[in-house]
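Here is a short set of exercises to work through with the sequence and the model side by side. Try each task before you read its solution.

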Amino acid sequence: MRNAEINRETAETKISLWLDLDGTGKTDIATGCGFMDHMLTLFAAHGRFDLMINASGDTYVDYHHLTEDLGICMGQAFDEALGDKRGITRYGTKILPMDEALILTSVDISGRAFLDYRLEGLKEKVGDFDTELAREFVVAMVRNGGFTLHVRQLAGENTHHILEGMFKSLGRSMAKAVKIEKGREDEIPSTKGMI
């Protein structure tokens, strides 16, 4: 089974996360931040991952600690669920339209954490969510998951559509990258013999 359960408790947040890579997109997400609940639901639905999250944190300050720690847990869950990465496709790219916005995400499950994130002209907030925190989520996910991710805004000016497009595109890219490649189920997709 390619799943993982991550529990993280700090002085700032408490998070319980369960991820199944071979799911159907079923979610039960309660983070205390409506925007992140929605974005993570979109991510899981478009990736066809089952994702359960119960989280709380010092949101009376802002959503920074919660959002970053959600990214940490998500990255750790992908890393644990993938094990030695045997059989995975490894690469995934998706260009996704969200109304006037057009977003590209491209991932390599490489074992090397690297992020190139280029979303521009975002308004400071969507509701009460600071939009710069979307990047903090992705940074933490990449670092803890050990993969390379490129994010590009190809078109669009509506902040909500840009971020929604990014989470949907990321779900689809991750789904492609973690998919078991038929005929290569026992291979590790690297000439090094390990990732």
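**Exercise 1.** Find where Glu185 is placed relative to helix 4, and decide whether Glu185 is buried, partly exposed or exposed.

*Solution.* Start with the chain: Glu185 belongs to the segment after helix 4, where helices (H or I, at least four residues) and strands (E, at least two) are DSSP runs numbered from the N terminus. Next, look at accessibility: with a relative accessible area of 39%, Glu185 is partly exposed. The classes are buried under 20%, exposed over 50% and partly exposed in between, using a 1.4 Å probe and protein chains only. Then list the partners: leaving aside neighbours within four places in sequence, Glu185 is in contact with Arg86, Gly87 and Ile180, contact being heavy atoms within 4.5 Å. Finally, pick a distant residue: Gly127 is 58 residues from Glu185 in sequence, and their C-alpha atoms are 44 Å apart.

Before going on, a word on the source: this is a predicted model, in which local features need pLDDT of at least 70 and side-chain atom pairs count only at pLDDT 80 or more, while totals for chains, interfaces and linings use all residues. Residues are numbered from 1 along each chain as its sequence is written, and side-chain values use heavy atoms, with hydrogens and water left out.

**Exercise 2.** Describe how helix 2 and helix 3 pack, giving the angle and the distance between their axes.

*Solution.* Recall that two packed helices are described by the angle between their axes and the distance between the axes. Helix 2 covers residues 64–82 and helix 3 residues 132–145; their angle is about 30 degrees and their axes are 7 Å apart. Here the axes are lines fitted to C-alpha atoms over the stretch in contact, and angles run from 0 to 180 degrees between N-to-C directions. The two helices are therefore roughly parallel; angles under 35 degrees count as such, over 145 as roughly antiparallel, 65 to 115 as roughly perpendicular and the rest as oblique.

Now for the residues: among those of helix 2 that meet helix 3 are Thr67, Leu70, Met74 and Phe78, and helix 3 contributes residues including Leu133, Phe137 and Met141. The residues of this contact divide into eight nonpolar, seven polar and three charged. In that count, Ala, Val, Leu, Ile, Met, Phe, Trp, Tyr, Cys and Pro are nonpolar, Asp, Glu, Lys and Arg charged, and the others, Gly among them, polar.

**Exercise 3.** Take Thr67 in helix 2 and work out which residues it touches beyond four places in sequence.

*Solution.* First, at 0% relative accessibility, Thr67 is buried. Its partners are Met36, Phe129, Leu133 and Phe137. As a check along the chain, Ala77 is 10 residues from Thr67, with 15 Å between their C-alpha atoms.

**Exercise 4.** Compare the surroundings of Lys85 and Asp99, and give the phi of Lys85 and of Asp99.

*Solution.* Most residues other than glycine have a negative phi, and most peptide bonds are trans. Lys85, however, has a positive phi of about 70 degrees, and Asp99 a positive phi near 55 degrees. Lys85 sits in the loop between helix 2 and strand 5 (91–98), whereas Asp99 is in the loop between strand 5 and strand 6 (101–108). Lys85 is buried at 6% relative accessibility, while Asp99 is exposed at 59%.
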